[in-house]
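Work through the exercises below with the sequence and the coordinates at hand. Each task is followed by a stepwise solution.

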Amino acid sequence: MTAHERESGSPDPAARRGPRGDAGIIRLSQRDIDGLLLTGEHYGAPFDLLAAALRTRPDRIPAITARWRRYGYAAIGRLGPGPVWCWLTRDGMSATGLGFPAVKPSLGRLAHIRAVLAARLWLEASPGWAAGQAWWHSERRLRARGPAAGRNGHVADAEIHWPSITGSRFAGQIWAVEVELTAKPIARTTRIMADLLTSGQYAQVIYLTAPAARSMVTRAAAALGQAGQLPVAIRDLPEAAFAEPLAPRPPLVPRPRLTPGQPG
């Protein structure tokens, strides 16, 4: 640009070209799409589990979710102890095609939402998952089928579908997944377990439990039949299911016996 052009106020060549033809176009990577779909299917996602799902460093998640927010697809907030959470807006639900209500995860369900997502990531990392090309059918998808989804009033926390692939151990099977964080009345757990087992839909029911719920689930399975004769698998939830690490149980120390003449 000459001195005359600068003094006369003539625009520079870049300005004369005008705006780019792709200005305003939303650009999403496959990782963005995967993350938005996962977040919408699970009501929301904490940043640490979102990083694990997208196989990226945790310090990259603020920038990734900031892009989603810039497009109007997501909102973020610190909803309780632990990491920041992300959830989809109405525009995000529309863009993903999920069609679920766009709501902030409720405080009372945060622990359960986190545990279910952690269970999914743990199961998907198992050796047979990729080989069997299994896929996760979320609770939100199950509920979208209709009231109670034809399951005697109870909807599983998720389903695992195994395609009919030649050579697959579980070809054509559907498994129910239940996540239990707290001990519920034994009668209720037994009824739910029986409903899932007798529905005719599931080849197996997997219970992933916190320590507080393990005994209750084991007792419910025992009440329905002898151990090993039911298609029920009971496993511990992965450590990532908990916002705070589980405190180790203190060792039991026997109380010393008092001897005659010893002060109590």
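**Exercise 1.** Decide whether H42 counts as buried or exposed.

Solution. Step 1: buried means under 20% relative accessible area, exposed over 50%, and partly exposed in between, with a 1.4 Å probe and protein chains only. Step 2: the relative accessibility of H42 is 4%, so H42 is buried. Step 3: H42 sits in the loop that joins α3 (30-41) to β1 (45-46); helices (H or I, at least four residues) and strands (E, at least two) are DSSP runs, numbered from the N terminus.

The model is predicted: local features need pLDDT of at least 70, side-chain atom pairs count only at pLDDT 80 or more, and totals for chains, interfaces and linings use all residues. Residues are numbered from 1 along each chain as its sequence is written, and side-chain values use heavy atoms, leaving out hydrogens and water.

**Exercise 2.** List the residues in contact with H42, neighbours within four places in sequence set aside.

Solution. Step 1: contact means heavy atoms within 4.5 Å. Step 2: the partners of H42 are I113, V116, L117, R120, W136 and R140.

**Exercise 3.** Place β1 in its sheet.

Solution. Step 1: two strands pair if DSSP finds at least two bridges between them. Step 2: the open sheet has three strands in the order β1-β3-β2, paired antiparallel. Step 3: β1 and β2 (74-77) are edge strands with a single partner each, so each has one side without a neighbour in the sheet. Step 4: two bridges link β1 to β3 (residues 85-88) in the antiparallel sense, and P46 has W85 of β3 as its bridge partner.
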